[in-house]
Amino acid sequence: MTTLSPTTSPVIQGNQIPRKRLYGIMAEFHDPAALMAAADKVRLAGFRWWDCHTPFPVHGLDQAMGIKRTILPLLVFGAGMTGTTIGFCLQAFTNAASFSIWALVWVTGYPFLISGKPLISLPAFIPVMFELTILLSALSAVGIMFLFNGLPRWNHPLLANKRFLRVTDDRFFIVIESRDPRFFASRTEQFLKDLGAKAVEMVEA
Amino acid sequence: MSSLPMNRPTALPGFQESDNTAENPGVRAPLVLNMDRFGQVTRQVCQVAESKKPPFAWYAAFTISLGLVGLLGFCVNYLIFTGVGVWGLNNPVMWAFDITNFVFWVGIGHAGTLISAILFLFRQKWRTGINRFAEAMTIFAVICAGLFPGIHVGRVWLAYWLFPIPNQMDMWPQFRSPLLWDVFAVGTYFTVSFVFWFVGMVPDLATLRDRATGRIQQFAYGLFALGWRGSNRHWHRYERAYLLLAALSTPLVLSVHSVVSFDFAVSQVPGWHTTIFPPYFVAGAIFSGFAMVVTLAVPARQLFGLKDLITLRHLDNMNKIILVTGCMVGYAYSMEFFIAWYSGAMYERFAFINRAFGQYWWAYWIMVSCNVITPQLFWFKSIRTSIPIMFALCLVVNIGMWFERFVIIVTSLANDFLPTSWDFFTPTWVDMGTMLGAFGLFGTLFLLFCRYLPMIAIAEVKATMPQANPHWSGYAAHDDHGHAGGSVKPSFASPDALRSPGSGPDGGPSAP
């Protein structure tokens, strides 16, 4: 097993970093199979504040890590239905109503009578309702995804780590954070080494 | 570290080193050639953005495109300051080049969404080589498309009337009009396509950020990478969101060109008022869009050395789609004629006979020969896999599809119900300049994209390599390291994959 190499790491061995300044311990793997096998063991060892970092989504890793399915689709459905409602109300108000509402300023609806069609012509309203449904769903899918992921976040202890740069290229990492109740620097470090990591390194907070 | 055990094409019966177009149902054709490590893919794609200077051809193309943008700017300003009379429009023909270009560009965009969304839902892994720049093409095409309705309204400064904005006149847009549906459809299409493109690019921007050496690059790529760090908890939600975007874009893309076709079909002009328009427009859009993707992919893969990622198989597949959609378009042309005859409507019959044999007969036959006849050559594999021929055929399709929109719009308007008001449309130099300028705008944006952004979806391509599968045979081969702390028996994976955690890459070729 590779040990820590002081040349590539700004951080020094084992327990020399006080716990307060320690973000966690990072283990590097060179292929998805090794990562996945290790991830399974980290989960079974009972860690909670840990994560895998990969250059691309590795299939099966969610189960290995025990990640619960996200509720994102439900929220997106809600956003889509909001879009449908907005679409209908917008058209009904602007083309079929004569009352005023306050929307930043006072605005009044205007009943349009076009070739004797009913004021609320639902079939003609469907395209715009549809487009607004899609628009709100898509924007919320992306917005909520980033929100739940805590992104954008431009400063992060991991992003400051030299070795971690290759996570977007061809390296696979497991990071166990120091705030995990089962975290104990030297023991966790040994645990990760035993998982077959190519390198294990402390990450400064 | 040494290379991974190889699963080179040579190991696969039926595939030669650089030709992955052979069909062997027993083996998945490789989509990445001559590469077996993830890092090679990263380097191959990133070198385009990281090189100090792009190839000479890039400068040449960029200069021409920028010149055309100047022409566009001049023509548009001339139009705005003078009036739409500078175009060749006349009394019956009130839509001509403007709307032709609008429909043409919206149509071009459709292939990008088809590749990114529909092929994603169908699990067509070959999409990963081409989806990024096809999506970019979509966005730039929709920008060009949006220009034309914007300037054709005459009083451009009142274009905000298109949107339901509270105003002092208490005036609202008329929501029962297809023209207003268009505003919402194209607006939504642009927004969703842009978001889709950007979200797909975030992990790759992070790759560029992590490789960047200059301060400016680090800052710029870092800013838009949003701090992405490949966390699997992030990937989990990311993949869900991406799937949702694909599922939402699929009906969206079908609706957009349907709504564009309503601009015509909902009116009563003979030749426009037909129910076949929505599916016919969508098929035509995909047809023209794929032709444009091939037109762009062929020089791009050549110029930037991406032949191992945009392989001949990708081009072959796209040419097959061009063939299929070309046949659909041909079917629509003949069905239009049949219905015109079968309906018994006098004006409808006249409109179609006039299309083929009237004053615009040449435009009609350019359209038929470019869209229906020449694409039939794609039945032959030798033609589907010949770079020069496919490039030429796709240019021909681009021309044909531009003429299709011209034929639909201008021939129907020029000879409508009243023979006394018939007229002939002749484009002016401003018409021509604006059309060419739009191509320049498209080219400029596309060349900038090629130069500075990841042209190929790096993360997605890696995920399609056999090495990305944790259960790939190459990982299970070695037992020499043993594993240390394994008192807990993992529960989910095959014993083979787990026998040697961490041992994977350092061995030589392996027996499965």
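I began at the end of H9(B), where the next residue, Gly344(B), has a positive phi, near 75°; helices here are DSSP runs of H or I of at least four residues and strands are runs of E of at least two, numbered from the N terminus. I then checked the length of helix H9 of chain B (residues 312-343): its 32 residues, at 1.5 Å a residue, should span 46 Å, and the end C-alpha atoms are 46 Å apart, which agrees. The expected span is 1.5 Å times one less than the number of residues.

I note that this is a predicted model, in which local features need pLDDT of at least 70 and side-chain atom pairs count only at pLDDT 80 or more, while totals for chains, interfaces and linings use all residues. Residues are numbered from 1 along each chain as its sequence is written, chains are lettered from A and ligands numbered from 1 in the order in which they are written, and side-chain values use heavy atoms, with hydrogens and water left out.

Confidence in chain A came next. The mean pLDDT (the predictor's confidence in each residue, from 0 to 100) is 84 for chain A, and 90% of the residues score at least 70. Among the elements of chain A, the lowest mean, 80, belongs to strand E3 (residues 100-103) and the highest, 93, to helix H4 (residues 122-149). Residues 1-15 of chain A fall below 50, although this stretch has 27 contacts in the model beyond near neighbours in sequence, a contact being heavy atoms within 4.5 Å. Where pLDDT is low, the predicted coordinates should not be read in detail.

I then turned to the interface, where 74 residues of chain B are in contact with 85 residues of chain A. The area buried between them is about 7,200 Å², and carbon and sulfur atoms give 67% of it; buried area is the accessible area (1.4 Å probe) that two parts lose on being put together, summed over both. On the chain B side, Trp172(B), Arg176(B) and Arg229(B) lose the most area to chain A, together 13% of what that side buries.

Last, I looked up the salt bridges (a side-chain nitrogen of Lys or Arg within 4 Å of a carboxyl oxygen of Asp or Glu), of which the whole structure has 18 over all chains. Asp51(A) lies in strand E2 (residues 50-53) of chain A and Arg233(B) in helix H7 of chain B, so this pair joins two chains. Their side chains meet at 4.0 Å, N to O, and the count between chain B and chain A is one salt bridge.
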